Amino acid sequence: MKTTRRDFIKISGTMLGTAATMGVAFDWATGSVTHEAFPISTHTTRTPTYCEVCFWKCAGWVTKNDQGDIWKIEGHEADPHCNGRLCPRGTGGVGMYYDNDRLKHPMIRVEEGGKQVFKKASWDEAFEVIAGKMKAIAQEYGPECVALFTHGSGGKFLGHMLKAYGSPHITAPSFAQCRGPREVAFYATYGEGVLSPERTDIRDTRCLVLIGSHLGENMHNGQVQEMSQAIDKGAAIITVDPRFSTAASKSKYWLPIKPATDLALLLAWMNVLINEGWYDKAYVEKHTYGFEQLKSHVQSYTPEWAYGMTTIEPKIIRDTAKEMANASPAVIIHPGRHVTWYGDDTQRLRAVAILNALLGSWGRRGGFYNPERISIPDFPHPPYPTPKRSYLDALEGKYSLATEVISNGICEVTTPAPGRDCNIKGWIVNGTNLIHTLPDQKATLEAIDALEILVVIDTMPMEITGYADVILPECTYLERYDAIRNSPHREPVISLRMPAVAPKYDSKPGWWIAKQLGVVLGLEKYFAFRDIEEVLDWQLQQVGSSLEEMKKIGVKKFKREYNDLYLAEEQEFEFNTNTGKIELYSTEMARAGFDPLPRYTEHEQPPAGYYRLNYGRSPVHTFSRTANNENLVDVVPENDLWVNPKVAKQWGLENGQYVWLKNQDNITTDFPIKVRITERIRWDSVYMVHGFGHAAKKLSRAFGKGASDTQMISHVKTDPVMGGTGMRSNFVTFLQEEPSREEVTS
Amino acid sequence: MRYAMAIDTKKCVGCSDCVIACQLENQVPVGYCREWIVESVSGTYPHLALEFRSERCHHCAKPPCVRCCPTGASHVEEGGVVLVEPGQCIGCGACIASCPYDARYPHPEGYVDKCTFCIHRVREGKQPACVSVCPTHCLYFGDLDDPNSEVSRKVAERKHKRLKTEAGTDPQLYFLT
């Protein structure tokens, strides 16, 4: 994996000027101070924060030890995201702060003796380089040719800087690599998205249906807590998954579906609900559009037909449909979160949305509630310049229903193509390790190779930093302020993140980086504030609070403005769709040239000797960002490869044996992965947790641990509706000997 | 007073939050732990069952580790909590060998360490760290001698099992099944 112009540079130890001072602050963690049998808990200082280990952003309290350094982080009792209980990653977030491998000072790519290396730089030097390039790009190509990839809280401020500079191209992998199809499908159906945190009323549901969503392994905290409450109250869980997931083991029904056939099951459920008359007739009549079209559309999708596709017996399909109908409207066909699987994902999620409508669960207790959040004004700034071009111009009308900027679309228009007007020339990448985030690594590297500047702002020396021209070390969330967390929830709620300790090394918060860079770019009028405390206090004053108050309470709840958590039975309601109704038949999809009703498409199955690569989450890790966190690695140090015993026998694989993987495009994994022989997986697929197999040597705990699923995902099925990258059509086989390579990745 | 813990295996998702919260609360060195998760799978695809258990010291009413300790470092405190006094422990490891649950480990500083039921928190009226962090609320801690305590009610109402009772230890972790 090499690019021509841009060599991957390993951030080597000798360049880390502050290395000598590393690791003196947390002796207790290595056991070298006198042990207190009962830790002294006379702590008087605790500061509020919200977590940055994942997107759920639970509010918590950081407690310091008697040495004044961070001891532990606990959930905030008043926060509905966590109800006083952080998940394992949030609890272990401490490890991000103490990580010795952190980026410590700015670095600039220079050429020395014909070799590209990183040179330690001051912040001023780094800003000069970035601003110089950005000004040149704005002059030569237009400011629209710089894009920001962000998956962290600092992105809010960097986004402001980029908009002030004149570019609309701010993107997050959370759309086209994750929840995008779900948002687009629900917009098409209900005129509203599912949002984050999801508006699922799990705590009061009587039937929770999970389609490949493995709650409990993905620790989306509030949802996992509510699933547990639902179990306590005796709710029926139906889990559709080729793998016996944790959720499957808690379920009344586990449907071990043949991979890639979920849409057949969803259509058959519609067929049963409609033909048996088990749908919510009054709700459908009052609120929906296109029922007759839907009814005739699903006639051929019988349970008997679906059996042939899914391997789920017709009786089970009928029984589970009845189970849902009995619970209606307190039933949730869960929309999932990471849903970019097969390239027809918007259609599959449309089927999920339609099923919920048939069962009358949208806007009903135990189904989907209507969340509310308060409005917090932006700190006053001049209007942004109007961008003259969009990357969409270069995509010639593709992905027309995308509601956010498509990360792989930005990648696509960065790679030069003849006759293309708008080529992206510069990337700023914040808090997302694109090498492990975007599928089809070859395409990512081609795009990177075409860039005139790549700026990476991160806390850790992730793979992406190796391709950067300038690296800026961001401090961790425990050392900084960020924007107010303003969540849509049952009640509006806000949360403050403030620094518990000063930033380690020469790292800086995202807001400071954005402001300083903005000033060097000549955009100081957009940053007319002294520091972020002034901004936060002004914003909080507008909503009847203050920074002083929030520092004390951390979380503040507000009364709902509207009494509409659920749809009122006797009230007319106009949905935000073309027809004002819930669109079973989507006029918006039809207008854009897509199937207005979801149609079953058969997907390819693995060739002989190959297995579908399924991937998922560990409760202890987030994406690829936690694989070096000491506290989390202590529990789960690497991923393993789940293999059915029949398959293992055929290949002569043993439990605990390390194998390399090769995919359908003859790509092999950099590192071997440990085989876990388990009955919990079907014989036609293998499974691993995403985010391991790091090739960046400076990640001392993560380097070479486990295999990277992203590396195996070279075949991407792009969703024509919104540009999502379907990643579950890759097939792998086992190599018991290390493959010979012509080229070794660093 | 008899402190005990009930663990609801129907709700536990095996996330290890208890393990990590314990390590941080009690400053357990990285690489060691006072509690752990057991994942137990039975059956063949697709007829499967899976149980997660959050396990730790069973704070046995008849603790073999206390009986075999030559220095008295292993002892029983209020509510039947089994503790080790680091200053009195010579690190001989007899207790580690005697524990049927493998609940003790040799601390790198030369004494034996184990779960304390977070007695330092309990004395302040708080729950043990593992109990108060658990996202699924599957851990219940309290006084089994008080019939109105949550742990008593859970043990009374629910089917449950204890582990290795044949060892004669009278363990005080109750796994709700």
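Two strands count as paired if DSSP finds at least two bridges between them. Keep that in mind for the first view of this predicted model.

**View 1. Strands E6 and E13 of chain A run side by side.** Strand E6 (residues 146–150) of chain A pairs with E13(A) in the parallel sense, and five bridges join the two. Look for A:Val146: across from it, in E13(A), stands A:Gly426.

**View 2. Zoom out a little and you get an open sheet of seven strands in chain A.** Read across, the order is E5-E4-E15-E14-E13-E6-E7, and the pairing is mixed. Which strands sit at the edges? They are strand E5 (115–120) and strand E7 (170–171) of chain A, each of which pairs on one side only.

**View 3. Here helix H4 meets helix H19, both in chain A.** Two packed helices are described by the angle between their axes and the distance between the axes. For H4(A) (residues 123–140) and H19(A) (residues 510–520), the angle is about 60° and the axes are 9 Å apart. Angles from 65 to 115 degrees count as roughly perpendicular and those under 35 as roughly parallel, so this pair gets called oblique. The crossing of H4(A) past H19(A) is right-handed. On the H4(A) side, the residues that meet the other helix are A:Trp123, A:Phe127, A:Glu128, A:Ile130 and A:Ala131. Their partners in H19(A) are A:Gln516, A:Leu517 and A:Val520. Sort the residues of this contact by class and you find six nonpolar, one polar and one charged.

**View 4. Now for the buried residues of H19(A).** Which ones are they? The set is A:Gly510, A:Trp511, A:Ile513, A:Ala514, A:Lys515, A:Leu517 and A:Gly518. Their cover includes three helices you can pick out by name, H4, H5 (155–165) and H20 (532–542) of chain A. It also includes strands E13 (426–430), E14 (453–458) and E15 (470–473) of chain A, which you met in the sheet of View 2. Just after H19(A), have a peek at A:Gly522, where phi is positive, at about 85°.

**View 5. Last stop: the place where chain A touches chain B.** Here 39 residues of chain A are in contact with 37 residues of chain B. On the chain A side, helices H1 (27–30), H2 (88–91), H7 (221–232), H8 (246–249) and H23 (630–633) each supply at least two residues. Which helix gives the most? That would be H7(A), with five residues. By class, this side of chain A has 17 nonpolar, 15 polar and seven charged residues.

Methods. Residues are numbered from 1 along each chain as its sequence is written. Chains are lettered from A and ligands numbered from 1 in the order in which they are written. This is a predicted model: local features need pLDDT of at least 70, side-chain atom pairs count only at pLDDT 80 or more; totals for chains, interfaces and linings use all residues. Two residues are in contact if their C-beta atoms, placed from the backbone, lie within 7 Å. Helices (H or I, at least four residues) and strands (E, at least two) are DSSP runs, numbered from the N terminus. Ala, Val, Leu, Ile, Met, Phe, Trp, Tyr, Cys and Pro count as nonpolar, Asp, Glu, Lys and Arg as charged, and the others, Gly among them, as polar. Axes are lines fitted to C-alpha atoms, for helices over the stretch in contact, and angles run from 0 to 180 degrees between N-to-C directions. Angles under 35 degrees count as roughly parallel, over 145 as roughly antiparallel, 65 to 115 as roughly perpendicular and the rest as oblique. A crossing is left-handed if the near helix is turned anticlockwise from the far one by less than a right angle, and right-handed if clockwise. A residue is buried if 20 or more other C-beta atoms lie within 10 Å of its own, exposed if 12 or fewer, and partly exposed in between; C-beta atoms are placed from the backbone.
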